[in-house]
Amino acid sequence: MAKKVITGIPVSSGIAIGKAFFMNRRLYGAIPRQSIAQDLVESEAERLRQAVDCAISDLVAVREDLPKELSDHALLIDSHITILRDPKLSKSVVKYITTMQINAEWALLKAIKDTEETFAAIKDDYIRERIQDVRLMADRVLSKLMGLSSGLTAIEGRIILLAHDLAPSDTAGLEVDKIMAFSTTEGGKTSHTGILARTLQIPAIVGVSGLEDNITDGEFIIIDALKGRILVEPSEEELAHYTELQNRFETYQKSIHRNCHLPGETIDGFRVAVHSNIELFEEVAAVLDYGGEGIGLFRTEYSYMNRPSLPTEEELYEEYKELAEIMDGKKVTYRTLDLGSDKLLSQHAQISERNPALGLRSIRFCLQHKDMFKTQLRAILRAAVHGNCAMMYPMISGLRELREANKVLFEVKQDLRRDGLHFAENIPVGIMVELPSAVMTAELLAREVDFFSIGTNDLIQYSLGIDRTNKDVSYLYQPLHPAVLRSIKMVVDAAHQSGIEVSLCGEVASDPFCVPILLGMQIDSLSMNPQAIPGIKRIIRQTTMDECKTLLRRILDCRTVMKINRLVMDSIFTRFPEELTFYSSLLDLDDMV
Ligand code: PEP
Ligand code: MG
């Protein structure tokens, strides 16, 4: 057994085995408080100034040598340089050195504590969270004061890089060929670390609590970014197991990647478009690399978050246009703003809702903030002339809401005409089906839209009455619950009866155990995270519509989730054993293996 096993969120799949190396370790616990004599106060203050200057020079050098593909990060690095240059912070550190006669490291800690308290009282989420950047910069100065190297130049061989957090200014200067994998204490699915790891195609796990307390530099560890586990000082058997798993995973990856640009088509010729979901523009490269045939869901709200002001129409237009152009004729589906609930804007006063998932979110929010909605619609309509674009409204509950949204769209088109601006007059307009009320009225909605996209993440939440963000009820999140399957089938059938296409863009689309069932329903397209595309295409290309339909029939006869899961497990595991090993499924399969 390993000495310790700690867990986190896998954001880039794979296995890495090697020595741990910490960068930006949160140094606060390791700092001694030392009194200094009065006559050394000035030299201590000078030591601080030099450490700050050194940290600035490092960042300026990183900024100058920034590789072209990371040029988007220049602004962030500039903002970090500005933090370091801010005389207020240095002044308050020097004040502590002078008045308390303490060492610069301890004085810096005290000054950061003051800054944290000031930031904690700030109401604006975005500005309050900027304390992370201040802490990162304080870490850089502390490393300099303590004579620690933050670079990898002194390291021989390849390592697994661990850090409290990794800012673009850290990763931009990394010698990437020395890094086998990443892991950080901070971070979530869309964190910079995750995106970078996916771009570099190396395994990564983020959001690991206890990372810094449980691993020391040079310790031998295994990063299992298939399951989100880190094994510290593994046993011989674990090592042998993971070495073998790593080889199999790499061979498997190579084999599926080779064929990922082939179309998603079953052996008997049924074509399913395999699209990708993206949150950030930077992910487009991965979509194309992994064989994405288009973008089935662009979650546009991320361009509105983490910024002090709302984006302008021109900014949005430029971003949407660039996306349409890069995709070069491949489909791009912009989802209009899905803000609200947990995705609040920093510009809006804190809305405190009892049940945010049932509150003023998504299309409801847009219909109450029409100016903001109109700005986005103008940008989408204008950008859409530059590619093969479509748009869809999230969380539509029924005809009335759809018509209200379409009325705004109509007004926007009139305004654009009046302004003499070129726009896509006939852009296809669809809706996301994610509420049970939309499922039940799918037949009516289908007559008034150009396409459906089923958002199972929310549809499951609302159908089964479970908060998708609550760990305590996650065991009830069952994609193959008969109610969910029947809902999806109803929507697909309603769409086809009206002659419109239907896509599915929730996580279910990337679950190898669910895909054959969706094929059996004759879904037209699936949209998923870019990395999942090669594996899902492999399943599609090695199956027949006949066997998917048979499986679906058998499943629809089952009365319980348990029975369905078992049936799926038996049939798919025998056909695609690799998928069980290399993909984390949404289904609760552990007790069935
Ligand atoms: C969904 O609900 O399935 C979906 C794709 O939208 P989001 O996850 O962004 O809510
Ligand atoms: Mg949703």
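1. Let's start with the outside of the molecule. The chain has an accessible surface of about 26,200 Å², and carbon and sulfur atoms contribute 51% of that area. Please keep in mind as you read on that this is a predicted model.

2. Now the overall build. The chain holds 24 helices and 16 strands. Of its 593 residues, 54% are buried. Among contacts with a separation of 6 or more, 70% join residues that are 24 or more positions apart.

3. The metal site deserves a look on your screen. The magnesium ion (ligand 2) has Glu434 (OE) and Asp458 (OD) as its protein donors, at 2.1 to 2.2 Å. Glutamate 434 sits in the loop between strand E13 (429–433) and helix H16 (436–440), while aspartate 458 belongs to helix H18 (residues 456–464), so the two donors tie together parts that are 24 residues apart in sequence.

4. Are these two donors buried or exposed? Glutamate 434 is buried, with a relative accessible area of 2%. Aspartate 458 is buried too, at 3%.

5. Finally, the interior. There is one cavity of 30 Å³ or more, and the largest cavity has a volume of about 80 Å³. Its lining includes Leu48, Val52, Ile83, Leu84, Leu89 and Ser90, along with Met137 and Val141. Helix H1 (41–64), helix H2 (74–85), helix H3 (87–100) and helix H6 (131–145) are the elements that each give two or more residues to this lining. By class, the lining of the largest cavity counts 10 nonpolar residues, one polar residue and no charged ones.

Technical notes. Residues numbered from 1 in each chain as written. Chains lettered and ligands numbered in written order. Predicted model: local features only at pLDDT ≥ 70, side-chain atom pairs only at ≥ 80, totals over all residues. Heavy atoms only, no water. Donors = N, O, S within 2.8 Å, 3.2 Å for Na, K, Ca; no water. Helix = DSSP H or I, 4+ residues; strand = E, 2+ residues; numbered from the N terminus. Buried < 20%, exposed > 50% of the residue type's maximum accessible area, 1.4 Å probe, protein only. 1 Å grid on protein atoms, 1.4 Å probe; cavity = no way out; pocket = protein on both sides within 12 Å on 5 of 7 lines; lining within 4 Å. Points joined across faces, edges and corners; volume = space filled by probe spheres on them. Nonpolar A, V, L, I, M, F, W, Y, C, P; charged D, E, K, R; others polar. Contact = heavy atoms within 4.5 Å. Areas by Shrake-Rupley, 256 points an atom, 1.4 Å probe, with all protein chains shown as cover.
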